[in-house]
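Dear colleague,

I am passing on the structure we spoke about, and below it you will find what came out of going through it. Please read the notes with the structure open beside them.

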Amino acid sequence: MRRLMFTAQLAFTLLVAAFLIVPALLSMLAGVTANYFRGIRSGLTLQWVAQVWELYADTIMRSFMIALATLAATLLIGVPAAYALYVRGGRLARTVEEIVTLPLAIPGLALALALLLTYGGFSDFRRSWLFILVGHVIFTLPFMVRSVIAVFAAIDVRTLDEGAASLGASPWRRFRDVIVPNARPGILAGALMVVTLSLGEFNLTWMLHTPLTKTLPVGLADSYASMRLEVASAYTLVFFVMIIPLLVAMQVFAGWGAPRPAR
Amino acid sequence: MTLKSFLNLCLLPLAVAVIAFFVLPMAKLVAVGASGKSGLAAYAAILLDPRYRGTLVNTVLLAAAVTLTTLAIATVAGLFLQRHRFPGRAVLVAFLTFPLAFPGVVVGFMIILLAGRQGLIGDVTLRLFGAKQVWAYSMLGLFLGYLYFSIPRVILTIMAAVEKLDPSLEEAARALGAGPWAVQRDVILPALRPAFIASGAIAFATAMGAFGTAFTLATDIDVLPMLIYTEFTLSANIATAAALSVGLGLVAWAILALARSVAGNTVAAAG
């Protein structure tokens, strides 16, 4: 009976894993197959990947640029803010944290519409990649703030801060030499999350982009709608190659900065 | 510089960014929602207009079905993976959580490869039964897509909750003569309730608001995000699109807030 239960549960779990992994493998395979319709017999080729590079290299570069700029902005905005919110505490800090976290709950489409209605008229801003950057920063900021606050809560940063203060260090020196080095695990976890989310962001970006500011996921949607399956798959393969190292790194560091209830 | 003014300085960039690019735009969205011919009644139309109400009901039903199915699947798999150690387990866990950060568009493409016109299921059914099954471009395809991206998230939450269960409770139940089913029903499942609520709320809110998957599969699937998109881009019906987005945002936020008050902190993620 026990044996049977084990086998049944294992079979079920394997089936679920197959549901998730088989399509991903199919797409990787299709991206390097000469003719997907005829199958693998038609031979393996890198021609589709080359074609993707020719057609979409700009979207890939732009996505990297936006992801790095988003990371820089969330670091500059998020880390000092997380420190101030944690050290201050109290109702005001909690309310601010709540507002900063709201973009997690609000669908990207709504946020994008709001940005378009407010800033769509500023045509230079609307046309530049900075418009997309703004959306990505608002959307990823909560991950950085929360992940850094979680670390502050775990290592009791208040005591460290007071210790340094009693030795006469100025607030800025304490922030630079004590707070930031101690927050490293949270900053790292937050940074991985921010870059991964920014690289894959579609819901906001689709509304905010212009023909000249296409990102990788926007290009993916394009290719799914208008390109042959092999090209779409090769493009997806390129995306996987970019995103999988980040996912692996996140798993490795998961224990460090995993979001925990703060306070 | 005093600590207080340093802390204020630390908060300044956050305040500027969030007010300029989140608070003000959201306020504008709410105002635009009430700026159409019918004014504030645009918000009532979400519930009163038969077409909008139909779409809303569709979306809620789909999200509920996805949530319940995902919880059932993730509970069976999560309990199994956390309770047994066997060779290859780590690989299996990695496979189950691997699609965690796939964007909605990529998930849509995965469903096309699985159940689309050139998909695996179509291929297999054509060979076995002589009739090609194509599910991808319909509500069923969207359901599969949402399952695809909810399962990894919910499994992670449930596995973490199972790990924290107190084994002595189960031993006590067993010592008092409870059979394996009774232990499951009366001890394990009730103890996992907070994890069900937290991860279920995230799955539900994500399924309500997700756009990329529906966009990839077909533009005529009748769910709220697609309706907002077509109202905005094709009909240029901006006031209605804004009102519908506010409604969608409120529902998603309310569900997550409710779950958090019942079950503690939740972590949402992108759709």
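In chain A, residues 24 or more positions apart account for 78% of the contacts with a separation of 6 or more. Please keep in mind throughout that this is a predicted model. Chain A holds 13 helices and zero strands, and its C-alpha trace spans about 75 × 65 × 30 Å along the principal axes. Of the 263 residues in chain A, 49% are buried.

Turning to the interior, the largest nonpolar core has 172 residues, and the members that touch the most others are A:Ala82, A:Leu113, A:Val148 and B:Ile111. Helix α6 of chain A, which covers residues 129-155, gives the most to this core, contributing 16 residues. For B:Ile111, once its neighbours within four places in sequence are left aside, the contacts are with B:Ala136, B:Gly141, B:Leu144, B:Gly145, B:Tyr148 and B:Leu217. As general background, nonpolar side chains tend to be buried together in soluble globular proteins.

The contact between the two chains takes 63 residues from chain A and 69 residues from chain B. On the side of chain A that touches chain B, the largest share comes from helix α1 (residues 2-31) of chain A, with 13 residues. That side of chain A divides into 51 nonpolar, ten polar and two charged residues.

One helix pair across the contact deserves a closer description. Helix α11 of chain A (residues 216-226) packs against helix α5 of chain B (residues 104-115) at an angle of about 30°, and their axes are 9 Å apart. Because angles under 35 degrees count as roughly parallel, α11(A) and α5(B) are therefore roughly parallel to each other. The crossing in which α11(A) passes α5(B) is left-handed. From α11(A), the residues A:Pro217, A:Leu220, A:Ala221 and A:Tyr224 take part, and they meet B:Val105, B:Val106 and B:Phe109 in α5(B). Sorted by character, the residues of this contact of α11(A) with α5(B) comprise seven nonpolar, no polar and no charged.

If you look at one place first, I would suggest the pairing of α11(A) with α5(B), where A:Tyr224 and B:Phe109 are among the residues that take part, and after that the surroundings of B:Ile111, whose contacts include B:Leu144 and B:Leu217.

With best wishes

Conventions. Residues are numbered from 1 along each chain as its sequence is written. Chains are lettered from A and ligands numbered from 1 in the order in which they are written. This is a predicted model: local features need pLDDT of at least 70, side-chain atom pairs count only at pLDDT 80 or more; totals for chains, interfaces and linings use all residues. Axes are lines fitted to C-alpha atoms, for helices over the stretch in contact, and angles run from 0 to 180 degrees between N-to-C directions. Helices (H or I, at least four residues) and strands (E, at least two) are DSSP runs, numbered from the N terminus. Angles under 35 degrees count as roughly parallel, over 145 as roughly antiparallel, 65 to 115 as roughly perpendicular and the rest as oblique. A crossing is left-handed if the near helix is turned anticlockwise from the far one by less than a right angle, and right-handed if clockwise. Two residues are in contact if their C-beta atoms, placed from the backbone, lie within 7 Å. Ala, Val, Leu, Ile, Met, Phe, Trp, Tyr, Cys and Pro count as nonpolar, Asp, Glu, Lys and Arg as charged, and the others, Gly among them, as polar. A nonpolar core is a set of buried Ala, Val, Leu, Ile, Met, Phe, Trp, Tyr and Cys residues joined through C-beta atoms within 7 Å. A residue is buried if 20 or more other C-beta atoms lie within 10 Å of its own, exposed if 12 or fewer, and partly exposed in between; C-beta atoms are placed from the backbone.
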